[in-house]
Amino acid sequence: MAWKLTLYDYIHHRNLMDIDYTVEPLLPIVQDGGFLHRQTRLLARRMDTDRERRLTPVKSETRLVIDRVEELPGRTIVDVTLKRKASSRIRETEQEEMRIERERITFHEGLEGWSILRVEMLQSEQNFRLKSSYPGSLVEVEEPALAEGEVRAPSVPFLNPLIVPELQHAKRAAYNRRKAAEYADLWWDKGNPDYLTFEVDCTNYVSQCLFAGGAPMNYTNKRESGWWYKGRSGSRELWSFSWAVADSLPFFLLTSRSGTRGEEVSSAGELDLGDVISYDWDGSGRFQHSTIVTAKDPDGMPLVNAHTVSSKHRYWSYTDSYAWTDKTRYRFVKIADRL
């Protein structure tokens, strides 16, 4: 499997590329012009952002996991998971960002050995798409097969004042921003088995973080209203659009008059731990990605966590995302301190 040597070279050069902001180390082994062009544009944006932040890259490391291999005559297709860690410094303060990316790499065997013919991203920071086939207010979910002897744990509704009558008259609780951020850091790289994990999971993950911080569900049993996740019922998962859809969450937070709610602010610097950022990549007015603030950099600017492309303590602007465009717009939502 001589292609593996080319794969290891690719990972090594990707690490160098993140330090030097150039694709030149990849040129001898990567033939995918589109990928190289996208990387060049992304690195230029990241360099501009880093300079604006006065950030100096220190080290980039990648742990490689090979998920699938398909060997064909003269060609091998490999799906990989890249668990990446970037260390940097702003003035005298060191910081660390972590990210998980999944790629499909096609290797070609030529007269001079193996090269990379194509690199495809297997995940992108895009919106959860609703399917017109969803029946009414419920969505059908195919249950994963159980191993022999395995028993599936039941899924039950989470307790909150709007579900449990005895709690409806409880005093308003403070939103615990620290707990929301701690939950986000705990589950940034995996799905909590108490919840369904969506193919595009960013907003489901952010909703879980808000709930962990004490944000009460607004349970209506109607998919188009409230903010709730009830659990599994047979082969069905019961949840509201606002719980799992990037364009619906900020709409709910900004229009809710009680319980979980938020206020739109004009800049990222006004946000604190546990606040939410929504991303409209194409300027269409529809938001397609959600993140939650989990830390601040030395200048007080937000660092965020997210799912789909799992990220921990990533700079809020996302100019280093393949989804980012010159038309990108943000919505900054500050969660109410009393819920």
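Guide: A charge sits over a ring if NZ of Lys or CZ of Arg is within 6 Å of the ring centre and within 35 degrees of the ring normal. This is a predicted model, in which local features need pLDDT of at least 70 and side-chain atom pairs count only at pLDDT 80 or more, while totals for chains, interfaces and linings use all residues. Residues are numbered from 1 along each chain as its sequence is written, and side-chain values use heavy atoms, with hydrogens and water left out.

Visitor: What makes K190 a residue that lies over the face of W187?
Guide: K190 is 5.4 Å from the ring centre of W187, and the limit for that distance is 6 Å. R223 also lies over a ring face, that of W239, at 4.0 Å from the ring centre.

Visitor: What is known about the predictor's confidence in the protein chain?
Guide: It is given by pLDDT, a value for each residue from 0 to 100. The mean for the protein chain is 88, and 86% of its residues reach 70 or more. Over residues 128-170, pLDDT stays under 50.

Visitor: Why is W239 called buried or exposed?
Guide: Buried means under 20% relative accessible area, exposed over 50%, and partly exposed in between (1.4 Å probe, protein chains only). W239 has a relative accessible area of 0%, so W239 is buried.

Visitor: Why is the aromatic pair of F198 and W239 called stacked, tilted or edge-to-face?
Guide: A pair of aromatic rings is described by the distance of the centres and the angle of the planes. Rings of Phe, Tyr and Trp (its six-membered ring) pair if their centres lie within 6.5 Å; planes under 30 degrees apart count as stacked, over 60 as edge-to-face and the rest as tilted. F198 and W239 are 5.0 Å apart, centre to centre, with 85 degrees between the planes, so the pair is edge-to-face. F198 lies in the loop between α3 and α4 and W239 in strand β7 (residues 236-239), so the pair ties together parts 41 residues apart in sequence. Helices (H or I, at least four residues) and strands (E, at least two) are DSSP runs, numbered from the N terminus.

Visitor: Why is the pair of W227 and W243 put in its class?
Guide: The planes are 35 degrees apart and the centres 4.9 Å apart, so the pair counts as tilted. W227 is buried, at 0% relative accessibility.

Visitor: How do you know on which side of α3 the buried residues lie?
Guide: The buried residues of helix α3 (residues 177-186) are R177, A180, A181, Y183 and A184. They cover an arc of only 160 degrees around the axis, which puts them on the same side of α3. The arc is that of the directions from the helix axis to the C-beta atoms.

Visitor: What makes T81 and D67 a polar contact?
Guide: A polar contact is a pair of N or O atoms within 3.5 Å; within protein, one must be able to donate a hydrogen and the other to accept it, and residues adjacent in sequence count only if both atoms are side-chain atoms. The side chains of T81 and D67 are joined at 2.6 Å, so the distance falls within the limit. T81 lies in strand β2 (residues 75-90), and its side chain also has a polar contact of 3.5 Å with that of R102.

Notes:
Contact = heavy atoms within 4.5 Å.
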